[in-house]
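Subject: A structure for you to look at

Hello,

Here is the structure I promised to pass on to you. Please open it first, and then read my notes underneath with the model beside you.

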Amino acid sequence: MIYINSLLLIFLILGCAVETNEEPFTEPAPEWTFVACEGNYGSSNGSIFMINNKGITQEIKDVGDVVNSLTVYKNKLIALINNSHKMMIYEIYDQGLRIPGIEIDTNESSPREMKIINEKLYFTNWNSSDIKILNLNLSLI
């Protein structure tokens, strides 16, 4: 009987000492989808509409005149605002966009479309009929 009690005690001790490798559940960070809302030509009422994977929506109003295109690079949202002749760069974080963002003047070029290749942002321009390049450490080439 002592042998069985000892064996039972050993099983209880070993059973309580078992560790699990499961990590505690952490809720994933919100993932945002961004939509360019051009607004009315000649007005500065273009906006950026956002919705996250939890169904929360936000709108950044009065970004400029004709929000033409958006792209995401790492934790940044880049917006080209055509008739305001500027680029806006916002930091993306769990609650949305950090406002007011960084404004880059494009010298009346009317930026239109963009593409990121090898850490550089290439963007087309209506008025200047060219392609400008922005090094993504924010220095214009």
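Let me begin with one residue, asparagine 68, which sits in strand β4, residues 67-73. (Helices and strands here are DSSP runs, H or I of at least four residues for helices and E of at least two for strands, numbered from the N terminus.) Before going on, please note that this is a predicted model, in which local features need pLDDT of at least 70, side-chain atom pairs count only at pLDDT 80 or more, and totals for chains, interfaces and linings use all residues. Residues are numbered from 1 along each chain as its sequence is written, and side-chain values use heavy atoms, with hydrogens and water left out.

Is asparagine 68 buried or exposed? Asparagine 68 counts as buried because its relative accessibility is 16%; buried means under 20% relative accessible area, exposed over 50%, and partly exposed in between, with a 1.4 Å probe and protein chains only. Beyond its neighbours within four places in sequence, asparagine 68 is in contact with Glu38, Leu80, Ile81, Asn82, Pro111, Arg112 and Glu113, where contact means heavy atoms within 4.5 Å. A polar atom of the asparagine 68 side chain lies 2.7 Å from the backbone oxygen of arginine 112.

Serine 69 is also in strand β4, and it is buried, because its relative accessible area is 8%. Which backbone oxygen lies 2.8 Å from a polar atom of the serine 69 side chain? That oxygen belongs to arginine 112. Leaving out residues up to four places away in sequence, serine 69 touches Ile78, Ala79, Leu80, Arg112, Glu113 and Met114.

Now for the chain as a whole. It has one helix and eleven strands, and the pattern along the sequence is α-β-β-β-β-β-β-β-β-β-β-β. Of its 141 residues, 30% are buried. The exposed area is about 9500 Å², with carbon and sulfur atoms supplying 55% of it; the areas come from the Shrake-Rupley method with a 1.4 Å probe, and for residues only the protein chains shown count as cover.

The largest nonpolar core has 14 residues, and Phe34, Ile48, Met50, Val63, Leu77, Tyr90 and Leu97 have the most contacts inside it. (A nonpolar core is a set of buried Ala, Val, Leu, Ile, Met, Phe, Trp, Tyr and Cys residues joined through side-chain atoms within 4.5 Å.) At least two residues of this core come from each of β1 (32-37), β2 (46-52), β3 (57-64), β5 (76-81) and β6 (86-93). A second, separate core of eleven residues includes Tyr73, Ile78, Leu80 and Leu136.

The strands are worth tracing next. Four of them form an open sheet with antiparallel pairing, in the order β4-β5-β6-β7; two strands pair if DSSP finds at least two bridges between them. β4 and β7 are the edge strands, each pairing on one side only. Within this sheet, β6 and β7 run antiparallel and are joined by seven bridges, and methionine 88 has glutamate 103 in β7 as its bridge partner. Proline 100 is found in strand β7, and the peptide bond leading to it from isoleucine 99 is cis, with omega near 20 degrees.

Further along, strand β9 (residues 120-125) pairs with strand β10 (residues 130-135) in the antiparallel sense over six bridges. Lysine 120 has asparagine 135 in β10 as its bridge partner. This hairpin has four residues between the strands, and serine 129 there takes a positive phi near 45 degrees.

Two loop residues have a positive phi although neither is a glycine. Valine 66, with a phi of about 70 degrees, lies in the loop between β3 and β4 and is buried, with a relative accessible area of 9%. Lysine 74, with a phi of about 55 degrees, lies in the loop between β4 and β5 and counts as exposed at 63% relative accessibility.

Finally, look at glutamate 108, in the loop between β7 (96-105) and β8 (111-117). Glutamate 108 is exposed, with a relative accessible area of 51%. Not counting residues up to four places away in sequence, glutamate 108 touches His85 and Asn127.

Happy exploring!

Terms used: A polar contact is a pair of N or O atoms within 3.5 Å; within protein, one must be able to donate a hydrogen and the other to accept it, and residues adjacent in sequence count only if both atoms are side-chain atoms.
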